[in-house]
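Colleague: Hey, I'm new to this one. Could you pull it up and walk me through it?

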Amino acid sequence: MDSSRHEGRVAVVTGAGSGIGRASAQRLSQEGASVVVVDADAARAEETARSLPGPAVAVTADVSAEEGVRAYMDAALDSYGRVDLYHLNAGISGRPTSLVDLEVDEWDRVMAVNMRGVFLGLRDGLRQYFRQGTTGAVVVTASIASLRGSADLFAYHASKHGVTGIIRAGAAYAAPAGIRVNGVAPGLVPTTLFGEAGRADMVRRSSTTPMRRAGDPEEIASVVAFLLSDDSSYMTGQLVSIDGGSSIITTVRDSGGAGAWDTGLIDDALAADRERWAGTEGERAS
């Protein structure tokens with residue numbers, strides 16, 4: 001690790017109260033950056049900021065609201081006078097509800113944080129780079145769910161696919177100004193985002209990945225720090241998978257993990273949904 005790679009730079013990290021965001025804030029601080037720690041949970045934001053080896057300020061903000069983004073940008077400018085690096089990491093998984101039972105409010109809640117939060121952050125970050133007359137670098141946390149699909153967490157998957165579009169469109173727009181936008185796509189990384197049961201399940205499922213283990217937030221943070229650095233100066237619009245090889249395997253070959261799960265867990269749930277909705281006379285969609 002280059003302890004001076006980000007010396008003199010100011011980094012904003014959203015969702016930095018725990019998990020990947022916290023690890024990213026720690027890594028950037030270790031490499032010399034002053035860090036603006038953003039989280040919806042004030043106590044966690046403060047805890048992360050206090051734990052960093054370098055200058056840091058904690059900001060409590062709702063990243064899905066314009067006033068929330070304005071609050072953390074103002075804090076960065078009030079404290080350090082500029083912004084150089086941006087890790088738009090905040091996200092939520094939503095509840096594991098089947099598609100036919102997914103409520104609009106739940107859909108909107110996930111989209112607000114995972115997509116609108118990234119859009120607002122990227123937009124205001126670019127505006128600030130333009131005001132400063134500087135280049136800059138942005139990394140967005142996407143997911144293996146940005147590349148693949150599954151039968152659960154429908155809103156989460158949809159939002160993370162959308163994040164891929166934001167990364168690529170943002171990169172195409174900003175590149176002529178010398179501003180780079182990239183993304184990371186973590187695989188099975190057990191963090192508090194997924195709850196205790198979810199983390200345990202991720203550890204279990206990770207045993208069938210090529211590397212036979214789950215990832216650590218610090219492993220994601222090391223790639224984030226690289227993408228925000230001049231070491232990746234000719235990279236933009238890229239979505240880098242950090243998943244122990246999960247995204248390269250095939251599920252229809254034994255060596256790729258076929259048969260490593262009980263398909264009845266999915267099929268039985270779908271059959272129950274079909275039976276529950278069969279013959280109902282609820283309100284029809286127009």
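Modeller: Sure, let's go from the overall build down to a few residues. Keep in mind that this is a predicted model.

Colleague: Okay, how many helices and strands are there in the protein?

Modeller: The protein has 8 helices and 7 strands. Its radius of gyration is 20 Å, close to the 19 Å that the globule rule gives for 286 residues, so the protein is as compact as a globular protein of that length.

Colleague: And what does the C-alpha trace span along its principal axes?

Modeller: About 60 × 45 × 40 Å.

Colleague: What share of the residues is buried?

Modeller: Buried residues account for 47% of the 286. As for the surface, the accessible area is about 14,300 Å², and carbon and sulfur atoms hold 52% of that.

Colleague: What about charges, how many positive and negative side chains are there?

Modeller: There are 27 positive and 36 negative ones, with the centres of the two sets 4 Å apart.

Colleague: Let's zoom in. Where is His-87?

Modeller: His-87 is in strand β4, which covers residues 85–88.

Colleague: Is His-87 buried or exposed?

Modeller: Buried, because its relative accessibility is 0%, and the cut-off for buried is under 20%.

Colleague: Which side chains does the His-87 side chain make polar contacts with?

Modeller: One is the side chain of Ser-24, at 2.9 Å. Another is the side chain of Thr-141, at 2.7 Å. Beyond its neighbours within four places in sequence, His-87 is also in contact with several other residues, including Val-12, Ile-20, Val-139 and Val-224.

Colleague: New topic: where does Ile-92 lie?

Modeller: In the loop between β4 and α4. Its C-alpha is 6.3 Å from that of Val-110, although the two residues are 18 apart along the chain. Leaving out residues up to four places away in sequence, Ile-92 touches Val-110 and others, among them Arg-109, Tyr-156 and Leu-193.

Colleague: Anything odd in the backbone?

Modeller: Two spots to look at. Most residues other than glycine have a negative phi. Leu-153, though, has a positive phi of about 50°, and Arg-212 has a positive one near 60°.

Colleague: Which loops are Leu-153 and Arg-212 in?

Modeller: Leu-153 is in the loop between β5 and α5, while Arg-212 is in the loop between α6 and α7.

Colleague: Are they buried or exposed?

Modeller: Leu-153 is buried, with a relative accessible area of 15%. Arg-212 counts as exposed, at 53%.

Definitions and conventions: Residues numbered from 1 in each chain as written. Predicted model: local features only at pLDDT ≥ 70, side-chain atom pairs only at ≥ 80, totals over all residues. Heavy atoms only, no water. Helix = DSSP H or I, 4+ residues; strand = E, 2+ residues; numbered from the N terminus. Rg over C-alpha atoms; globule rule 2.2 N^0.38 Å. Buried < 20%, exposed > 50% of the residue type's maximum accessible area, 1.4 Å probe, protein only. Areas by Shrake-Rupley, 256 points an atom, 1.4 Å probe, with all protein chains shown as cover. Lys, Arg positive; Asp, Glu negative; His and termini not counted. Charge placed at Lys NZ, Arg CZ, Asp CG, Glu CD. Polar contact = N/O pair within 3.5 Å; in protein donor to acceptor, adjacent residues only side chain to side chain. Contact = heavy atoms within 4.5 Å.
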